[in-house]
Amino acid sequence: LNEFNDVEVREIDSLSATESVLIKQGIMMNYKGIVLELLGNKARVKIEQMGVSLIAIFDKTNLMKA
């Protein structure tokens with residue numbers, strides 16, 4: 001695709017701040033959160049469950065739009 005000047009390649013599932021996401025794997029699997037900040041290939045996500053709030057950093061590949 002680099003041969004064409006009129007072609008732009010974008011990720012279909014790109015994330016943006018304030019977007020709701022679902023964690024796909026790991027100890028937090030199936031938890032929902034909100035993206036607070038994008039940090040290159042990672043995202044800072046706020047998860048609120050059982051009256052507490054947790055902020056963690058996840059690889060973007062481990063997140064999908066909720």
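Val35 stands opposite Val45 of strand E3 in this predicted model. The two strands concerned, E2 and E3, run antiparallel and are joined by 5 bridges. Strand E2 covers residues 32-39, and strand E3 covers residues 42-49.

This pairing belongs to an open sheet of 5 strands. The strand order is E4-E3-E2-E1-E5, with antiparallel pairing. E4 and E5 are the edge strands, each paired on one side only. Neighbouring strands are turned against each other by 45° on average, direction ignored.

Strand E1 (20-23) pairs with both E2 and E5. Its contact with E2 is antiparallel and spans 3 bridges. Within that pairing, Val21 has Gly33 of E2 as its bridge partner. E1 and E5 also run antiparallel, again with 3 bridges. Here Ile23 is matched with Leu63 of E5.

The loop between strand E4 (52-59) and strand E5 (63-65) contains Asn62. Asn62 is buried, at a relative accessible area of 11%. Leaving aside residues up to four places away in sequence, Asn62 touches Leu22, Ile23, Lys24 and Gln25. Ile23 is thus a contact of Asn62 as well as the bridge partner of Leu63.

Charged side chains were examined next. Side chains of opposite charge can pair when their charged atoms come close. The structure holds 4 salt bridges. One of them joins the side chains of Lys65 and Glu19, with an N to O distance of 3.7 Å. Lys65 lies in strand E5 and Glu19 in the segment before strand E1, so this pair ties together parts that are 46 residues apart in sequence. The two partners fall into separate accessibility classes. Lys65 is partly exposed, with a relative accessible area of 36%. Glu19 counts as buried, because its relative accessibility is 17% and the cut-off for burial is under 20%.

A salt bridge also forms between the side chains of Lys42 and Asp59, at 2.7 Å from N to O. Lys42 lies in strand E3 and Asp59 in strand E4, so the pair links parts that are 17 residues apart in sequence. Lys42 is partly exposed at 38% relative accessibility. Asp59 is likewise partly exposed, with a value of 38%.

Glu48 and Lys46 form another salt bridge, and their closest N and O atoms are 3.1 Å apart. Glu48 is exposed, with a relative accessible area of 52%. That value places Glu48 in the exposed class because the class begins over 50%. Lys46 counts as partly exposed, at 30% relative accessibility.

The surface also carries a nonpolar patch. Ile34, Leu36 and Ile55 form this patch, with about 260 Å² of accessible area together. Ile34 is found in strand E2. At 40% relative accessibility, Ile34 counts as partly exposed. Ile34 can enter the patch because patch residues need over 30% relative accessible area.

Taken together, the sheet places E1 between E2 and E5 in the order E4-E3-E2-E1-E5. The salt bridge of Lys65 and Glu19 joins strand E5 to the segment before E1. The salt bridge of Lys42 and Asp59 joins strand E3 to strand E4.

Methods. Residues are numbered from 1 along each chain as its sequence is written. This is a predicted model: local features need pLDDT of at least 70, side-chain atom pairs count only at pLDDT 80 or more; totals for chains, interfaces and linings use all residues. Side-chain values use heavy atoms; hydrogens and water are left out. Helices (H or I, at least four residues) and strands (E, at least two) are DSSP runs, numbered from the N terminus. Buried means under 20% relative accessible area, exposed over 50%, partly exposed in between (1.4 Å probe, protein chains only). Contact means heavy atoms within 4.5 Å. Two strands pair if DSSP finds at least two bridges between them. Patches are made of residues with over 30% relative accessible area and no salt bridge: like charges are joined within 9 Å, nonpolar side chains (Val, Leu, Ile, Met, Phe, Trp, Tyr) within 5 Å. Accessible areas come from the Shrake-Rupley method with a 1.4 Å probe; for residues, only the protein chains shown count as cover. Axes are lines fitted to C-alpha atoms, for helices over the stretch in contact, and angles run from 0 to 180 degrees between N-to-C directions.
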